[in-house]
Amino acid sequence: MKNIFLLFLTLTLFSCKTEEKKEQITTGSESSAEGEVSSLTPAQQMGQEIFDGKGNCFTCHKPKQKAIGPSIKEIAKVYKEKKGDIPTFLKGKGEPIVDPSQYETMKTNFYITKNFSDEELKAVEAYIYSLAP
Ligand code: HEC
């Protein structure tokens with residue numbers, strides 16, 4: 001009888017422990033994710049999700065260093081200085097003002113960005129400007 005009781009006790013303790021552990025893991029990852037994006041507005045956050053997600057923009061545009069395309073910071077700087085319009089450019093209706101010599105490479109993405117809604121284009125713009133120097 002005593003043995004059964006002990007077994008029961010160990011089982012309860014054990015199940016409590018694993019639950020506690022799980023909780024710690026989820027809250028841990030949640031708070032670190034919040035930490036990363038806490039400085040962004042909801043629109044900028046949506047823009048970042050598109051940029052790093054379905055837009056696939058991050059493969060060529062890194063936040064601060066030039067990769068295949070200019071850095072996001074560089075794009076933000078030029079667009080602010082020259083009062084450019086990122087949504088219009090991404091619809092394929094504008095002229096390149098950052099690095100016209102590489103425009104052909106960027107052009108290949110318009111088939112994706114042309115399907116973005118105005119809200120999504122505005123969000124991408126907001127995200128780009130959030131990295132302005
Ligand atoms: C295959 C690589 C590649 C991908 C993917 C890519 N870009 Fe580009 N992008 C470039 C290159 C190269 C340039 C420089 C040419 C230019 O300025 O048009 C550029 C330029 C730009 C510019 C500046 C345009 C200007 O006025 O000169 C913007 C804004 C931009 N990209 C946004 C995006 C967004 C948003 C995405 C994702 C939907 C994206 N890019 C995906 C390569 C890429």
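Reader: Is Ser-71 buried or exposed?
Author: Buried means under 20% relative accessible area. In this predicted model, Ser-71 has a relative accessible area of 7%, so Ser-71 counts as buried.

Reader: Where is the place of Ser-71?
Author: Look at the elements on either side. Ser-71 sits in the loop between α2 (42–52) and α3 (72–81).

Reader: What does the side chain of Ser-71 reach?
Author: A backbone atom. The Ser-71 side chain comes to 3.0 Å from the backbone nitrogen of Glu-74.

Reader: Which residues does Ser-71 touch, not counting residues up to four places away in sequence?
Author: With those set aside, the contacts of Ser-71 are Lys-62, Pro-63, Lys-64, Gln-65 and Lys-66.

Reader: Now the ligand. How many residues surround the ligand, and which are the closest?
Author: The ligand has 26 residues around it. Cys-57, Cys-60, His-61, Tyr-79 and Met-106 are the closest.

Reader: Which polar atoms lie by the ligand's own nitrogen and oxygen atoms?
Author: Take them by residue. An N or O atom in the His-61 side chain is 2.8 Å from a ligand nitrogen. Asn-109 also uses its side chain: a polar atom there lies 3.3 Å from a nitrogen atom of the ligand. Asp-99 uses its backbone, with an N or O atom 2.9 Å from a ligand oxygen.

Reader: Which elements give two or more residues to the shell around the ligand?
Author: They are α3, α4 (86–90) and α5 (103–107). The largest share, 3 residues, comes from α5.

Reader: How do the shell residues divide into nonpolar, polar and charged?
Author: Sort them by residue type. The shell holds 15 nonpolar, 9 polar and 2 charged residues.

Reader: Which pocket is the space taken by the ligand?
Author: The ligand takes up the largest pocket.

Notes. Residues numbered from 1 in each chain as written. Predicted model: local features only at pLDDT ≥ 70, side-chain atom pairs only at ≥ 80, totals over all residues. Heavy atoms only, no water. Helix = DSSP H or I, 4+ residues; strand = E, 2+ residues; numbered from the N terminus. Buried < 20%, exposed > 50% of the residue type's maximum accessible area, 1.4 Å probe, protein only. Polar contact = N/O pair within 3.5 Å; in protein donor to acceptor, adjacent residues only side chain to side chain. Contact = heavy atoms within 4.5 Å. Near = heavy atom within 4 Å. 1 Å grid on protein atoms, 1.4 Å probe; cavity = no way out; pocket = protein on both sides within 12 Å on 5 of 7 lines; lining within 4 Å. Sits in = over half its atoms within 2 Å of the grid points. Nonpolar A, V, L, I, M, F, W, Y, C, P; charged D, E, K, R; others polar.
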